[in-house]
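Hi,

Here is the structure I said I would pass on. Have a look at it first, and my notes on what turned up are underneath.

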Amino acid sequence: QSGLPIKRFFNTSGLKYKALQLKDKLPNMTETEQIELLATDGMLVKRPILVDGDTVLVGFKEADWTAALG
């Protein structure tokens, strides 16, 4: 729905991401495999996520949130 690449939904700063060495593994995984991996552990998901109609924000960048929420 967001049109964003799946990698944007990964918490790349997280310990779990680093422990699983996903930086090296993600490029070789299909989109379906990446989505299934995200679904296995909430610690892999970048937060916060806002879904409001057609707007999807992942992670917190104040300017983006201010623009989206007015």
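To start with the surface: the protein has an accessible area of about 5,100 Å², and carbon and sulfur atoms contribute 53% of that. Keep in mind that this is a predicted model. Of its 70 residues, 27% count as buried, and the C-alpha trace spans about 40 × 25 × 20 Å along the principal axes.

As for the fold, you'll find four helices and two strands, running α-α-α-β-β-α from the N terminus. Among the contacts with a separation of 6 or more, 49% are between residues 24 or more positions apart.

Now for helix H3. Its buried residues are Gln34, Leu37 and Leu38. They sit on the same side of H3, because the arc they cover around the axis is only 100 degrees. What do the buried residues of H3 pack against? That would be helix H2, residues 22-25. On the face of H3 turned away from the buried side you get Ala39 and Thr40, both exposed.

Next, the charged side chains. Searching the whole structure gave one salt bridge. The partners are lysine 16 and aspartate 41, with an N to O distance of 3.1 Å. This pair ties together distant parts of the chain, 25 residues apart: lysine 16 belongs to helix H1 (residues 15-19), while aspartate 41 lies in the loop between helix H3 (31-40) and strand S1 (49-52). The two ends differ in how they are covered: aspartate 41 is buried at 18% relative accessible area, which is under the 20% cut-off, whereas lysine 16, at 35%, is partly exposed.

Last, the aromatics. There are two aromatic pairs by the ring-centre rule. In one of them, phenylalanine 60 and tryptophan 65 have ring centres 5.8 Å apart. Is that pair stacked, edge-to-face or tilted? The planes meet at 45 degrees, so the pair is tilted, since stacked needs under 30 degrees and edge-to-face over 60. The surroundings of the two rings are worth a look as well: tryptophan 65 is buried, with 14% relative accessible area, but phenylalanine 60 counts as exposed at 56%.

If you open just two spots, I'd go for the lysine 16 to aspartate 41 salt bridge and the tilted pair of phenylalanine 60 and tryptophan 65.

Cheers

Key
Residues numbered from 1 in each chain as written. Predicted model: local features only at pLDDT ≥ 70, side-chain atom pairs only at ≥ 80, totals over all residues. Heavy atoms only, no water. Phe/Tyr/Trp six-rings, centres within 6.5 Å; stacked < 30°, edge-to-face > 60°. Buried < 20%, exposed > 50% of the residue type's maximum accessible area, 1.4 Å probe, protein only. Salt bridge = Lys/Arg side-chain N within 4 Å of Asp/Glu carboxyl O. Arc of directions from axis to C-beta. Contact = heavy atoms within 4.5 Å. Areas by Shrake-Rupley, 256 points an atom, 1.4 Å probe, with all protein chains shown as cover.
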